[in-house]
Amino acid sequence: MRKPIIAVDMDDTICHLVKQAIFHNNNDFPTHVLKYEEMLDWNTDHLRHPDCTQDVFYGRPGLYEELELFDEHVVGEMEKLHNAYDVIIVTAAQPNAVVEKWNWLQKHMPFIPIDNFFPCKRKNLINYDLLIDDGVHNLVPALQDGRKVLCIPHPWNLRAREQYGFPLLTSWEGAKEKIDQILGTQENR
């Protein structure tokens with residue numbers, strides 16, 4: 001019997017990308033200080049210094065290897081999920097960030113094998129039963145395809161959360177039990 005597939009995003013789902021990018025932005029461009037709470041949309045060009053392009057904001061060498069874990073529960077819950085389900089990491093990445101993301105994953109979650117690591121922006125092309133993500137551009141197509149989702153709440157997805165009523169995962173504490181309930185797989189795994 002096939003295990004359900006849980007697709008898990010990396011950035012701002014199991015680790016904090018935007019907060020770290022903001023930290024570097026505020027050091028490098030003190031005239032254009034950003035606040036996490038102001039990140040109400042994916043396009044933050046109007047908030048950033050003109051020299052801080054999208055490539056600069058998210059392209060700092062080493063950025064993806066220095067990201068902090070989402071919370072103190074994420075590693076333990078991801079390992080429980082990995083043991084119970086077919087967990088795949090599905091993360092958008094520019095080619096130069098793929099190795100950094102893999103290195104981060106191996107440092108914090110070495111139980112995730114390379115076969116379960118998918119650098120991919122168009123996540124709707126991948127087969128999964130449940131998507132855990134913060135990106136509206138991934139969550140909405142998943143819902144439209146009849147798939148289950150869990151949304152990691154951030155300022156940039158507030159409007160969509162209100163519009164679509166995504167189920168939320170505000171902390172990784174108890175994530176496996178929540179996913180068992182969503183998928184209807186509450187038997188002991």
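## A buried aspartate

A residue counts as buried when its relative accessible area is under 20%. In this predicted model, Asp12 has a relative accessible area of 3%, so Asp12 is buried. You can find Asp12 in the loop between strand 1 and strand 2 (15–16). Take a look at its backbone too: Asp12 is not a glycine, yet its phi is positive, at about 65°.

## A histidine from far along the chain

Now let us turn to His154. This residue sits in the loop that links strand 7 (148–151) to helix 6 (158–164). Is His154 buried or exposed? With a relative accessible area of 3%, His154 is buried.

Which residues does His154 contact, once neighbours within four places in sequence are left aside? They are Asp12, Tyr36, Phe70, Asp134 and Arg161. The pairing with Asp12 is a good one to trace on the structure: the two residues are 142 residues apart along the chain, while 8.3 Å separates their C-alpha atoms.

## The nonpolar cores

The largest nonpolar core is made of 45 residues. Inside this core, the residues with the most contacts are Ile14, Met78, Leu105, Ile132 and Trp172. Several elements each give two or more residues to the core: strand 1 (5–8), strand 4 (86–91) and strand 6 (130–133) are among them, as are helix 1 (17–28), helix 2 (54–59), helix 3 (74–84), helix 4 (95–108) and helix 7 (175–183). Apart from this core lies another, with 16 residues that include Ile5, Ile88, Ile126 and Val140.

Ile14 is a handy place to start exploring. Not counting residues up to four places away in sequence, Ile14 touches a list of residues that includes Met78, Leu105 and Trp172. Also among its contacts are Val8, Leu69, Phe70, Val74, Ile89, Trp104 and Met109, along with Asp9 and Glu68.

## Where helix 3 meets helix 7

Two of the elements that feed the largest core, helix 3 and helix 7, also contact each other. Their axes come within 8 Å and cross at roughly 40°. The two helices are therefore oblique to each other.

On the helix 3 side, the contact is made by Glu77, Lys80, Leu81 and Ala84. Helix 7 brings Ala175, Lys176, Glu177 and Ile179. Sorted by class, this contact has four nonpolar residues and four charged ones, with no polar residues.

Notes: Residues numbered from 1 in each chain as written. Predicted model: local features only at pLDDT ≥ 70, side-chain atom pairs only at ≥ 80, totals over all residues. Heavy atoms only, no water. Helix = DSSP H or I, 4+ residues; strand = E, 2+ residues; numbered from the N terminus. Buried < 20%, exposed > 50% of the residue type's maximum accessible area, 1.4 Å probe, protein only. Contact = heavy atoms within 4.5 Å. Core = buried A, V, L, I, M, F, W, Y, C linked by side-chain atoms within 4.5 Å. Axes fitted to C-alpha atoms, helices over the stretch in contact; angles between N-to-C directions. Parallel < 35°, antiparallel > 145°, perpendicular 65-115°, else oblique. Nonpolar A, V, L, I, M, F, W, Y, C, P; charged D, E, K, R; others polar.
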